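Student: I should like to learn how to read a protein model. May we work through one together?

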Amino acid sequence: MDTIAILEGAFPLYRHLTASLAGDYPLPPLLFGQSPAELLPHGPLALLVLSPDGAVTPEDDLPPCRLLLLPGEGAGLVTQVRASCAMSYGTSPKDSITFSGTGGAGLSLSIQRELITLGGGTVERQELILPTPAHFTPAFTLAWAGTLLIMGVSPEELPGLAGALR
């Protein structure tokens with residue numbers, strides 16, 4: 001089974017992902033750590049997610065992975081990760097996943113480029129309105145949503161999963 005690893009900072013992205021999927025989806029092995037050294041022995045990975053507040057330096061070794069999801073401002077890290085496909089999230093129009101606005105209804109998530117899923121499928125370009133879960137910044141909402149989409153959760157299900165975390 002595919003292994004997914006999350007390089008976290010202080011915000012528990014791992015905990016929110018498992019809470020979102022509890023009972024509804026078969027969970028692949030999920031690992032998390034706050035330093036690249038904690039994840040390195042577990043490679044190669046199916047998916048490596050770099051959390052918005054995870055600390056990675058150019059000197060760090062990261063485990064090899066098939067798919068990489070990272071903050072757009074960390075795009076320079078792509079050269080130090082052995083990944084078949086890298087996708088980014090953030091506020092730049094160059095990011096794979098970004099948002100086009102926020103408001104009372106939540107965050108307008110924009111998938112700018114097709115996302116590759118763990119199952120080998122794709123998530124097409126589209127816009128989604130997501131209620132922003134409590135204590136989530138836009139960057140964490142993008143990381144959370146991107147990880148779920150890559151894991152195979154359908155875009156139509158994301159608003160309900162985000163609403164349940166409020």
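The dialogue below moves from the overall fold to single residues.

Tutor: Please note at the start that this is a predicted model, in which local features need pLDDT of at least 70 and side-chain atom pairs count only at pLDDT 80 or more, while totals for chains, interfaces and linings use all residues. Residues are numbered from 1 along each chain as its sequence is written, and side-chain values use heavy atoms, with hydrogens and water left out.

Student: How many helices and strands are there in the protein chain?

Tutor: Helices (H or I, at least four residues) and strands (E, at least two) are DSSP runs, numbered from the N terminus. Here the protein chain holds four helices and ten strands. Their order along the sequence is β-α-β-α-β-β-β-β-β-β-β-β-α-α.

Student: What share of the residues of the protein chain counts as buried?

Tutor: A residue is buried under 20% relative accessible area, exposed over 50%, and partly exposed in between (1.4 Å probe, protein chains only). By that rule, 47% of the 166 residues of the protein chain are buried. Accessible areas come from the Shrake-Rupley method with a 1.4 Å probe, and for residues only the protein chains shown count as cover. The protein chain exposes about 7,400 Å², of which carbon and sulfur atoms supply 55%.

Student: Which residues have the most contacts inside the largest nonpolar core?

Tutor: In soluble globular proteins, nonpolar side chains tend to be buried together. A nonpolar core is a set of buried Ala, Val, Leu, Ile, Met, Phe, Trp, Tyr and Cys residues joined through side-chain atoms within 4.5 Å. The largest one here has 38 residues, and those with the most contacts inside it are Leu 47, Leu 69, Leu 109, Leu 118, Trp 144, Leu 148 and Leu 158. Helix H3 (residues 138-151) gives the largest share of this core, nine residues. There is also a second, separate core of eleven residues, which includes Leu 39, Leu 48, Leu 62 and Leu 70.

Student: How should I read contacts between residues of the protein chain that lie at least 24 apart in sequence?

Tutor: Contact means heavy atoms within 4.5 Å. Among contacts in the protein chain between residues at least 6 apart in sequence, 49% join residues at least 24 apart. Leu 148, found in helix H3, is a good case to study. It counts as buried because its relative accessibility is 0%. Its C-alpha atom and that of Leu 21 are separated by 8.8 Å, although the two residues are 127 apart along the chain. Leaving aside neighbours within four places in sequence, Leu 148 is in contact with Leu 17, Ser 20, Leu 21, Val 153, Leu 158 and Leu 161. With the same neighbours left aside, Leu 158 is in contact with Leu 128, Leu 130, Trp 144, Ala 145, Leu 148, Leu 149 and Val 153.

Student: At what angle do the axes of H1 and H3 cross?

Tutor: Axes are lines fitted to C-alpha atoms, for helices over the stretch in contact, and angles run from 0 to 180 degrees between N-to-C directions. The axes of helix H1 (residues 13-21) and H3 come within 11 Å and cross at roughly 50 degrees. H1 is therefore oblique to H3. Angles under 35 degrees count as roughly parallel, over 145 as roughly antiparallel, 65 to 115 as roughly perpendicular and the rest as oblique. On the H1 side, the residues in contact include Leu 13, His 16 and Leu 17, and on the H3 side they include Phe 140, Ala 143 and Trp 144.

Student: Is Ala 143 buried or exposed?

Tutor: Ala 143, in helix H3, is buried because its relative accessibility is 0%. Not counting residues up to four places away in sequence, Ala 143 touches Leu 13, Pro 52, Leu 69 and Tyr 89. Ala 143 and Pro 52 are 91 residues apart in sequence, with 7.3 Å between their C-alpha atoms.

Student: Where does Phe 136 lie?

Tutor: Phe 136 is in the loop between strand E10 (126-130) and H3. With a relative accessible area of 8%, Phe 136 is buried. Beyond residues up to four places away in sequence, Phe 136 touches Phe 11, His 16, Thr 141, Trp 144 and Leu 165.
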